[in-house]
Amino acid sequence: MIDQLTDRLTDLAKAAAIKGAVFAAVGAVLLTGIGFLLAAVYMALAASYGAVIAAFTVGGTLVTLGLITLAIMMQRDPGKAVDHAGQGNAENSGKKSEDDVLFDLLVHSAMTGYATGQGNRAKMQTGFDQMIGDLGTLGVFDPTGSTKPTAATSQDTDRKMAG
């Protein structure tokens with residue numbers, strides 16, 4: 001009986017190893033294909049609009065996709081985001097959720113990138129201002145510079161050394 005179990009486990013391990021190898025090979029082929037597609041998109045944009053605009057467009061698209069992926073990976077429990085009937089959310093009634101702010105940041109960055117590609121300076125500046133507001137809402141930085149150092153941060157700066 002033990003021999004049958006070990007044989008079965010051996011067969012399962014071999015099948016899992018084969019599936020893993022096939023998955024790795026397919027993943028390598030897909031990543032190579034994606035690389036060539038990105039190169040083709042870059043070359044087409046560079047031929048039409050110039051190398052700088054092509055680099056900004058491809059780079060901005062990849063950063064946007066990365067931010068979307070990061071937002072999905074860091075997403076909290078979806079059940080907590082659902083507004084349940086009977087529960088008062090008076091404290092959150094005037095505030096946007098972090099997901100809403102991230103989505104706004106995504107939309108504003110896309111609009112800013114489009115305005116940059118079109119050469120529309122007014123919309124580009126408006127987009128940058130909206131992005132800074134979104135980042136400020138997320139707590140990335142304070143655009144007004146009105147943060148006051150706490151006792152802990154002033155102690156930390158005393159201990160830091162240059163270089």
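What follows is a walk through the helices of this predicted model, with helix 4 at the centre.

The fold is simple to write down. The chain has six helices and zero strands, so to speak a plain run of α-α-α-α-α-α when read along the sequence. Not much of it is hidden: buried residues make up 8% of the 163 residues. The chain exposes about 13,200 Å², and carbon and sulfur atoms supply 66% of that area. As for how the chain folds back on itself, take the contacts with a separation of 6 or more; residues 24 or more positions apart account for 36% of them.

Helix 4 covers residues 98-118, which makes 21 residues. From first C-alpha to last it reaches 30 Å, close to the 30 Å expected at 1.5 Å a residue. Its buried residues are V101, D104, L105, H108, S109, T112 and A115. Down the axis of helix 4, these buried residues fall within an arc of 135°, so they line one face of the helix. The general geometry fits in here: an α-helix has 3.6 residues a turn, so residues three or four places apart point the same way. On the face turned away from the buried side of helix 4 sit the exposed residues F103, Y114 and Q118. The cover over the buried residues of helix 4 includes helix 2 (51-73) and helix 5 (121-138). Right after helix 4 comes G119, with a positive phi near 80°.

Two residues give a closer look at how helix 4 meets its surroundings. H108, in helix 4, counts as buried because its relative accessibility is 15%, and the cut-off for buried is under 20%. Setting aside residues up to four places away in sequence, H108 touches G127, Q130, M131 and D134. The other residue is M124, which lies in helix 5. Its contacts, leaving aside neighbours within four places in sequence, are with T112, A115 and T116. Of these contacts of M124, T112 and A115 also appear among the buried residues of helix 4. M124 and S109 are 15 residues apart along the chain, and their C-alpha atoms are separated by 9.5 Å.

Helix 2 can be read in much the same manner. At 1.5 Å a residue its 23 residues should span 33 Å, and the end C-alpha atoms are 32 Å apart, which agrees. The buried residues here are A54, V58 and T64. Helix 1 and helix 4 are included in what covers the buried residues of helix 2. The cover goes both ways, then: helix 2 is part of what covers the buried residues of helix 4, and helix 4 is part of what covers those of helix 2.

These helices turn up again around a pocket. The second largest pocket has a volume of about 680 Å³. It is lined by 22 residues, and the closest to its centre are F56, G60, S109, G113 and Y114. Helix 1 (2-49), helix 2, helix 4 and helix 5 each supply at least two residues of that lining. Helix 4 gives the largest share, with nine residues. Two of the residues closest to the centre of this pocket, S109 and Y114, have been met above: S109 as a buried residue of helix 4, and Y114 as an exposed residue on the face turned away from the buried side.

Terms used
Residues numbered from 1 in each chain as written. Predicted model: local features only at pLDDT ≥ 70, side-chain atom pairs only at ≥ 80, totals over all residues. Heavy atoms only, no water. Helix = DSSP H or I, 4+ residues; strand = E, 2+ residues; numbered from the N terminus. Expected span 1.5 Å × (residues − 1). Buried < 20%, exposed > 50% of the residue type's maximum accessible area, 1.4 Å probe, protein only. Arc of directions from axis to C-beta. Contact = heavy atoms within 4.5 Å. Areas by Shrake-Rupley, 256 points an atom, 1.4 Å probe, with all protein chains shown as cover. 1 Å grid on protein atoms, 1.4 Å probe; cavity = no way out; pocket = protein on both sides within 12 Å on 5 of 7 lines; lining within 4 Å. Points joined across faces, edges and corners; volume = space filled by probe spheres on them.
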